[in-house]
Amino acid sequence: MPDSSAAAASSPLAVPTRFDGDPDRVALVVPGVGYSPARPLLHCASSVLRQHGWTVQELWWQVPDGFREFGVDERTAWVEWQVGRVIDAEAGACRLVVGKSLGSLACATAGDRGIAAAWLTPLLTFGHVARALRRAQAPTLLVGGTADQLWDADVAASLRHDVLEIPSADHGLELPGDAVGSVEVLRQVVARLDRFVGSLGRAEAG
């Protein structure tokens with residue numbers, strides 16, 4: 001697998017997209033529509049993963065022209081293809097997916113392959129997302145805010161997964177008009193991610 005310097009050389013953004021750690025524990029970081037791996041939630045998630053010794057592969061994408069006019073099935077197929085091809089490239093070493101918003105359309109891809117996942121603001125109002133999460137058996141963390149119209153608190157509570165629900169947080173997991181409070185929300189999310197990723201290591205050791 002390429003090292004960080006090679007990834008930086010090949011990236012159109014000239015930034016690393018891969019951070020090498022344990023080659024047998026690869027975590028894929030999946031963006032939202034406009035929420036790239038450089039944004040706070042995913043940047044911090046990558047830092048947590050690296051701290052725990054994982055190899056981190058960031059997925060950077062540019063949605064196709066007219067993507068907002070795509071139907072749900074078309075959007076899902078596109079996201080599943082993007083995520084599936086990267087998982088396949090890891091030849092079985094991908095053991096965790098951390099995804100934001102749109103990335104959760106690939107929850108069936110991860111769940112049906114038995115890959116653990118942390119979904120940040122998953123699209124729980126989409127029926128197929130909720131159904132995929134119900135059948136997922138691998139460890140899964142769901143994080144959302146009560147002010148996010150795409151988060152469904154009842155669906156989250158009905159699932160067997162670990163859930164962190166942030167009062168008044170929006171789809172960006174921020175508190176509108178409260179910059180300091182939003183930083184505290186970020187701290188809560190990062191702390192929960194840290195515990196979740198750490199629990200995966202303990203489960204493997206056991």
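User: What does it take for a residue to be called buried?

Analyst: A residue is called buried when its relative accessible area is under 20%. In this predicted model, the buried residues of helix α2 are Leu41, Leu42, Ala45, Ser46, Val48 and Leu49.

User: Where do these residues lie around the axis of α2?

Analyst: An α-helix has 3.6 residues a turn, so residues three or four places apart point the same way. The buried residues of α2 cover an arc of only 160 degrees around the axis, which puts them on the same side of the helix.

User: Which residues of helix α5 are buried, and what covers them?

Analyst: In α5, which runs over residues 127–135, the buried residues are Val129, Ala130, Ala132 and Leu133. They cover an arc of only 165 degrees around the axis, which puts them on the same side of α5. What covers these residues includes α4, β5, β6 and α6.

User: How many strands does the sheet have, and in what order?

Analyst: The sheet is open, with 7 strands in the order β1-β3-β2-β4-β5-β6-β7, and its pairing is mixed. At the edges are β1 (18–19) and β7 (162–166), each of which pairs on one side only. Within the sheet, strands β4 and β5 run parallel and are joined by 5 bridges, and Gly99 stands opposite Trp119 in β5.

User: Which helix packs on the sheet, touching β2, β3 and β4?

Analyst: That is helix α3, residues 72–89, whose direction makes about 170 degrees with that of β2.

Methods: Residues numbered from 1 in each chain as written. Predicted model: local features only at pLDDT ≥ 70, side-chain atom pairs only at ≥ 80, totals over all residues. Heavy atoms only, no water. Pairing = 2+ DSSP bridges. Helix = DSSP H or I, 4+ residues; strand = E, 2+ residues; numbered from the N terminus. Contact = heavy atoms within 4.5 Å. Axes fitted to C-alpha atoms, helices over the stretch in contact; angles between N-to-C directions. Buried < 20%, exposed > 50% of the residue type's maximum accessible area, 1.4 Å probe, protein only. Arc of directions from axis to C-beta.
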